[in-house]
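Colleague: Let's walk through this one together before I set anything up. Here it is.

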Amino acid sequence: MKVLLVNGSPHKDGCIFTSLSEVAGALKNNGVDSEIFWIGNRAVQGCIACWKCRENGTRCVFKDQLYTDFVGKMKECDGIVIGAPVYYAGPPGSLCAILDRVFFSASEYLEYKPAACVVNCRRGGASATFDRLNKYFTILQMPLVSSQYWNSTHGFTPDEVRRDLEGMQTMRTLGSNMAHLLHSLKKADLPLPEQEPRVSTNFIS
C-alpha cells in the first residue's frame, strides 16, 4: 500500500514538506509506503472548462509534465494527502489550478480512495484553507481521514514547524489513522457501493 503526499508549496523543502515528512514517518511505522510529490514553483495551467476531457475518455488537452506526472502518481496510490501553505487565507493558486484539472479529468483514479489535507500557516487562515481542500475529496466520495485536531501546523520556517509539538503530533496521528483505514479496507475486501445513474440538474426552470 502506498500514500501519495502532495507538496503544494512552491518551496520544496519548506514548512509543508516538514509536515508531510512527519505524516510519512507515521505511515512507515505502520507498514505503509509513501511518496512526497512536489508540484514545483513554476506557472501552472488552470482548467478552462473546455470539457474535452469528457470526450472519448481523453485527458486534459494541456499535456504539461506536471499534469501527466500527477495523474500517473494518482493511479498508483491507495490514499492521498494534499499539503498546502496558507496564502491569503486559502491554498496557493498554483495548487488549486492543478487540482481542478486532475480531479475533474481523472476522477476515476481518485474515487473512494482515503484522503486528507494538511495546511501550515504562520498565524491564521488554516481552517479556511482546510475547508477549501476538503471539498475536492467529498465530491469524489473519498473517505476523509481525520486526526486528533484539524490537520494544521504553525510556523514561518521548517524549524518553527518542528517546534509546534501539537501540530507534529497531529501529523503523526493522521499518518497512523490513514494507515489504519487502509489496512482495514484491505482486510475487509468489500465491493464498492452500487452507483445510481448520475442525475445532474441546475436551477433554471
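Modeller: First, the residue classes I'll use: Ala, Val, Leu, Ile, Met, Phe, Trp, Tyr, Cys and Pro count as nonpolar, Asp, Glu, Lys and Arg as charged, and the others, Gly among them, as polar. This is a predicted model, so local features need pLDDT of at least 70 and side-chain atom pairs pLDDT 80 or more, while totals for chains, interfaces and linings use all residues. Numbering starts from 1 along each chain as its sequence is written, and side-chain values use heavy atoms, with hydrogens and water left out.

Colleague: Cool. How many cavities of 30 Å³ or more are there?

Modeller: Two. A cavity here is a set of points on a 1 Å grid over the protein atoms alone where a 1.4 Å probe fits but cannot get out, and lining residues have an atom within 4 Å of a point. Points are joined across faces, edges and corners, and the volume is the space filled by probe spheres set on them.

Colleague: What's the volume of the second largest cavity, and what lines it?

Modeller: About 30 Å³. The lining is Lys2, Leu4, Glu35, Lys73, Glu76 and Cys77. Two elements, β1 (2-7) and α2 (65-76), each give two or more residues to that lining; helices are DSSP runs of H or I with at least four residues, strands are E runs with at least two, and both are numbered from the N terminus. By class, the lining has two nonpolar, no polar and four charged residues.

Colleague: And the largest cavity, which residues are closest to its centre?

Modeller: The largest cavity has a volume of about 130 Å³. Of its 15 lining residues, Cys47, Ile48, Cys50, Cys53 and Cys60 are closest to the centre. The class split is 10 nonpolar, two polar and three charged.

Colleague: OK, pockets. How much space is in the largest pocket?

Modeller: About 440 Å³. A pocket is an open set of points with protein on both sides within 12 Å along at least five of seven lines. Among the 18 lining residues, Ser107, Glu111, Ile139, Leu140 and Arg198 lie nearest the centre. Helix α3 supplies four residues, the largest share of that lining.

Colleague: What about the second largest pocket, what sits nearest its centre?

Modeller: Tyr112, Leu185, Lys186, Leu190 and Leu192, out of 15 lining residues. That pocket has a volume of about 380 Å³, and its lining has 10 nonpolar, no polar and five charged residues.

Colleague: Let's stick with Tyr112. Where is tyrosine 112 in the fold?

Modeller: In the loop between α3 (93-105) and β4 (115-121).

Colleague: Why does tyrosine 112 count as buried?

Modeller: Because its relative accessible area is 17%, and buried means under 20% (over 50% is exposed, in between is partly exposed; 1.4 Å probe, protein chains only).

Colleague: Which side chains does tyrosine 112 make polar contacts with?

Modeller: One is glutamine 141, at 3.2 Å. Another is glutamine 195, at 2.4 Å. A polar contact is a pair of N or O atoms within 3.5 Å; within protein, one must be able to donate a hydrogen and the other to accept it, and residues adjacent in sequence count only if both atoms are side-chain atoms.

Colleague: Last one: how many residues does α1 have?

Modeller: Helix α1 (residues 15-29) has 15. Just after α1, glycine 31 takes a positive phi of about 75°.

Key:
Expected span 1.5 Å × (residues − 1).
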